[in-house]
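Please look through the sequence and the structure shown below before reading on. The briefing that follows is written for a reader who has not met this structure before, and its points are grouped by topic.

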Amino acid sequence: MLASAVCAAAVLVTSVLSAASLPVVAGEQSFSCPSGVSLNDKIAHAHQRYRASGKVLADRVNKEDGVMLRDEWEKLLQATNMTLAMTPTDLAALKARQAAVVEAAKAKAERESPIKLDAIRGDLAKVKAFCAKMPRASMLHVHPSGTRDLKTVQEFLDELDPLVNGSRLIEEANDGELTTLYPPEVTALEALPVQRYSEFDEAGKKVIQELFFLPLNPEDHPFTRFEALFTIADLLLEQDESKEQYVEEKTYIDFAKRAVRLGLSYVEFTKVVIPPNRKALDRFGELKKLIRKETGGKLIANWVFAFVRTIKPTSLNRGWARQLVNLTTMKGEPSVRGIDLLANELDTPALETAQGIYVPIKAAREAGKIRLKSTMHSGELGDFRNVRDAMIMGVERVGHGVLLREDPVAIEYARDNGVGIVCALVSNKLLRVIDDYATHPCLTFLRLGIPTSLSTDDEGMFRTDIANECEVAVLHTDIQYNEMVALSRNAVLESFAGSRTKKRLLATLEDELTAFEATFNSTC
């Protein structure tokens with residue numbers, strides 16, 4: 001027993017010392033206990049179990065047309081013998097090792113950054129000036145219907161002049177399961193007369209406009225209150241079928257022009273189309289051309305086809321995944337670059353909701369039938385194992401990923417396999433994913449070498465944009481300039497764009513960074 005305790009302590013101390021000098025990578029030397037099993041051996045075995053379990057899952061879904069249940073899944077992932085199992089002491093050692101890597105990366109960024117953000121961090125005006133001009137080329141994980149800002153909303157309401165029926169809005173946007181409104185909002189909607197938007201006075205119009213955005217009070221919200229925004233927008237903006245194309249195109253164009261003003265050249269939109277169909281896929285190509293035309297060729301847009309995890313039964317998504325494979329097999333889709341799974345993660349774990357989608361699509365991709373890549377909303381809420389399971393099912397990146405911080409072994413898997421994470425700071429604060437910007441793990445992931453980038457998620461609804469996300473990062477964390485640069489580069493590298501597009505975006509970004517550093521240093 002004493003030998004075991006000494007061994008455990010030695011693993012912890014040796015791990016910390018190793019991490020303090022060099023980032024830990026697979027295969028590095030580490031302390032071995034008398035059993036001959038090192039901490040790295042245990043991590044490697046855990047990751048081998050990921051891969052082996054993934055193969056069993058693939059056979060279950062693709063060959064047997066069956067379903068993997070949770071209890072069996074977790075047993076598959078267990079170590080094959082107790083000698084290789086991660087103990088609480090091992091997990092503590094791994095966390096300490098990762099913490100040391102983070103500290104070393106932070107010190108390196110502080111030392112090597114040509115622009116010292118610590119010098120401006122306390123000056124809001126200077127931070128705003130920095131973030132307004134900070135070069136950026138790409139943004140991923142953008143929901144088009146969530147991009148509408150106040151100006152766009154006002155113009156829609158003026159043009160469409162929808163009938164406002166408070167009782168109908170309450171019925172649809174306050175179902176108590178997927179959507180909720182606050183009691184004062186229900187009272188206010190009940191008091192609204194049923195009439196056209198144009199018939200309201202300015203105060204009434206303001207009430208209606210605010211229905212498109214998360215309330216400022218309280219400061220954060222349950223996910224169901226967020227979901228209500230989409231229901232409200234649909235009810236008010238989709239009353240006239242003849243105006244659907246106008247609403248769709250103006251939503252994209254208004255956002256695209258704002259994106260270009262903020263320095264973006266590439267955007268990936270995440271869009272739900274149920275069920276997948278040829279007309280919708282062709283429409284993405286039309287919208288891509290429209291956005292390029294309306295921005296004078298300055299913005300490239302691609303789409304990620306999104307499934308909805310709250311749809312029941314899950315067999316529906318399973319069938320739609322097969323339809324999508326058939327559609328994209330028959331015709332290459334230059335505008336549709338991947339798949340996603342979105343909606344409220346509470347009570348909708350990745351294993352149970354995603355296996356029928358991701359496993360067959362991964363098989364089709366590996367067989368050369370399709371080119372679709374994959375990402376998944378995971379680690380935003382709910383089961384912290386969602387990110388692990390998403391990675392086992394083959395995602396190249398995840399959206400949010402916050403709860404990955406609870407699983408140091410899965411963190412190592414993300415590091416070893418280059419799985420990207422797209423962070424949305426304002427979104428995560430408003431939707432109670434984090435309590436404080438300073439505790440958001442985005443910077444920790446970046447410092448661990450995980451390719452991390454910033455996004456706005458649903459920027460209109462959250463009253464943010466990519467410059468504001470930069471401001472939040474600079475003001476509320478100890479991020480360094482070189483790390484801001486890494487976020488910008490990663491947004492290109494982790495995109496699903498083609499290799500030539502990435503090369504072109506990166507070359508332009510590097511030129512802009514060089515010019516920015518010279519200009520910013522000379523003025524500040």
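**Briefing on the protein chain**

R432 has a relative accessibility of 43%, so it counts as partly exposed. This residue belongs to the loop between α17 (425–430) and α18 (442–447), and although R432 is not a glycine, its phi is positive, at about 65°. The model discussed here is a predicted one, and the points below go from the whole chain to its nonpolar cores and then to single residues.

**Overall build**

- The secondary structure of the protein chain amounts to 22 helices together with ten strands.
- With a radius of gyration of 24 Å, close to the 24 Å that the globule rule gives for 524 residues, the protein chain is as compact as a globular protein of that length.
- Taken along the principal axes, the box filled by the C-alpha atoms of the protein chain is roughly 80 × 65 × 50 Å.
- Of the contacts in the protein chain with a separation of 6 or more, 76% are between residues that lie 24 or more positions apart.

**Surface and charge**

- Of the 524 residues in the protein chain, 55% are buried.
- The area that the protein chain exposes is about 22600 Å², and 54% of this area is supplied by carbon and sulfur atoms.
- The protein chain carries 65 positive and 73 negative charges, and the mean positions of these two sets are 7 Å apart.

**Nonpolar cores**

- In soluble globular proteins, nonpolar side chains tend to be buried together.
- The largest nonpolar core of this model holds 127 residues, and F130, F307 and L404 are the ones with the most contacts inside it.
- Helix α14 (residues 350–366) gives the largest share of this core, namely eight residues.
- Apart from this core lies another one, made up of 25 residues, which include L181, L189, A233 and L236.
- When its neighbours within four places in sequence are left aside, F307 is in contact with a set of residues that includes W320, L324, I339, L342, I357 and I361, and the polar or charged names N317 and D340 also appear among its contacts.

**L324, a residue in contact with F307**

- L324 is part of helix α13 (residues 314–330), and its relative accessibility of 0% is under 20%, so L324 counts as buried.
- Leaving out residues up to four places away in sequence, L324 touches P276, L281, F305, F307, I339, I361 and L372.
- Although L324 and I357 are 33 residues apart in sequence, the distance between their C-alpha atoms is 9.8 Å.

**Two charged residues and their surroundings**

- K250 is placed in helix α11 (residues 244–261), and because its relative accessibility is 15%, which is under 20%, K250 counts as buried.
- Beyond residues up to four places away in sequence, K250 touches T152, E155 and F156.
- D478 is placed in the loop between α20 (466–476) and α21 (481–493), and at 28% relative accessibility D478 counts as partly exposed.
- Not counting residues up to four places away in sequence, D478 touches K106, R121, L443, R447 and E483.
- D478 and L117 are 361 residues apart along the chain, yet their C-alpha atoms are separated by 8.4 Å.

**Backbone details**

- The peptide bond that runs from I274 to P275 is cis, with an omega near -10°, and P275 is placed in the loop between β4 (266–272) and α12 (278–294).
- K312 and P313 are also joined by a cis peptide bond, for which omega is about -5°, and P313 is placed in the loop between β5 (300–308) and α13.
- D457 is not a glycine, but it has a positive phi of about 65°, and this residue lies in the loop between β10 (452–454) and α19 (459–462).
- The relative accessibility of D457 is 2%, so D457 counts as buried, whereas R432, at 43% relative accessibility, counts as partly exposed.

Technical notes:
Residues are numbered from 1 along each chain as its sequence is written. This is a predicted model: local features need pLDDT of at least 70, side-chain atom pairs count only at pLDDT 80 or more; totals for chains, interfaces and linings use all residues. Side-chain values use heavy atoms; hydrogens and water are left out. Helices (H or I, at least four residues) and strands (E, at least two) are DSSP runs, numbered from the N terminus. The radius of gyration is taken over C-alpha atoms; the globule rule is 2.2 Å times the number of residues to the power 0.38. Buried means under 20% relative accessible area, exposed over 50%, partly exposed in between (1.4 Å probe, protein chains only). Contact means heavy atoms within 4.5 Å. Accessible areas come from the Shrake-Rupley method with a 1.4 Å probe; for residues, only the protein chains shown count as cover. Lys and Arg count as positive and Asp and Glu as negative; His and the chain ends are not counted. The place of a charge is taken as NZ of Lys, CZ of Arg, CG of Asp or CD of Glu. A nonpolar core is a set of buried Ala, Val, Leu, Ile, Met, Phe, Trp, Tyr and Cys residues joined through side-chain atoms within 4.5 Å.
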